[in-house]
Amino acid sequence: MKMIAKVLLTAAAIAALAAPALAANDKLIVKDVNGTTDVFKVQDDGSFIGGKIKFDATGSVSPDYKFKFGVGTTTPTDPFTLQHDWAVAGIGTQTIFVASSINDVSRFTVRRANGVPGALTATTAGQQLGNFNFRGHDGTNFSANGVGAITSSGEEAFTPTSQSTRIAFVSTPVGAIAGVERVRVPGAGGLRIMTATQPPCDASGAATSSAVGTIWFTAGASGVKDSLQVCAKDAANAYAWRTIY
């Protein structure tokens, strides 16, 4: 009996040494082939971390974030964060997201509703349905807003038979950090150039004057004709705003 007890105690001691040390909130840890590095962990709140993938079941950045899921990063900042560090930069064929479909059209759908889950209400006039916004980095932080964007908004309260929308294109001028709507495609069709300061027309390529090929509409005051112009050169290669109307 004493011998059996010694064997059991020895086996228990060896098992204790082999088992990984668990933090207070870790429920499962998988080590690498050398048994030294954590490669996958499951925590008591349902979160898990594996390599460069992390699912945070609690969220934390905003009260509205119920979870955060990161691919390529263990510090996701949004409900879904996809990050990739390219070893070689500047190759035009590099892609970070690819959607392919066979025998049908690939679709990326962005939807907007009001209300609460299970009791949704109609989208109303003026509400953005969604946007693709583009941001850069200033050396300290990423842009807080979309300094370039393509947005779509409702033009009326949505009903089963009428759902008018518009699409807007946004860019940011030099010396600013907030995007400005430049061009709008209304639900009724056509192309509307939004009011802004007309830039110089030349071929320098500078950010403040690269207007070559731009069509510009200027609304006239009461009793004054509207103006429609294009930035183009004449036969002598002189650039200027040429009046179309």
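Begin with the open sheet of this predicted model, in which 6 strands follow one another in the order 1-2-3-4-5-6 with mixed pairing. Select strand 1 (26-31) and strand 6 (80-82) to find the edges, where each strand has a single partner, so one side of each is left without a neighbour in the sheet. Looking across the sheet, you can follow a twist that averages 10° from one strand to the next.

Next, select strand 5, residues 68-71, together with strand 6, since these two pair in the parallel sense over 3 bridges. To see one particular bridge, pick glycine 70, whose partner in strand 6 is threonine 81.

From there, move to strand 4, residues 53-56, and select aspartate 56. This aspartate 56 is buried yet has no salt bridge, and the nearest side chain of opposite charge, that of lysine 68, is 4.1 Å away; a salt bridge would require the charged atoms to be within 4 Å. If you show the surroundings and leave aside neighbours within four places in sequence, aspartate 56 is in contact with Ser47, Phe67 and Lys68.

Finally, turn to strand 10, residues 148-154, where 5 of the 7 residues are buried, so this strand is largely enclosed by the rest of the structure. Add strand 9, residues 128-134, which pairs with strand 10 in the antiparallel sense over 6 bridges, and locate glutamine 128, whose bridge partner in strand 10 is serine 153. Then add strand 11, residues 165-171, which pairs with strand 10 in the antiparallel sense over 6 bridges, and select isoleucine 150 with phenylalanine 169, its bridge partner in strand 11.

Conventions:
Residues numbered from 1 in each chain as written. Predicted model: local features only at pLDDT ≥ 70, side-chain atom pairs only at ≥ 80, totals over all residues. Heavy atoms only, no water. Pairing = 2+ DSSP bridges. Helix = DSSP H or I, 4+ residues; strand = E, 2+ residues; numbered from the N terminus. Axes fitted to C-alpha atoms, helices over the stretch in contact; angles between N-to-C directions. Buried < 20%, exposed > 50% of the residue type's maximum accessible area, 1.4 Å probe, protein only. Lys, Arg positive; Asp, Glu negative; His and termini not counted. Contact = heavy atoms within 4.5 Å.
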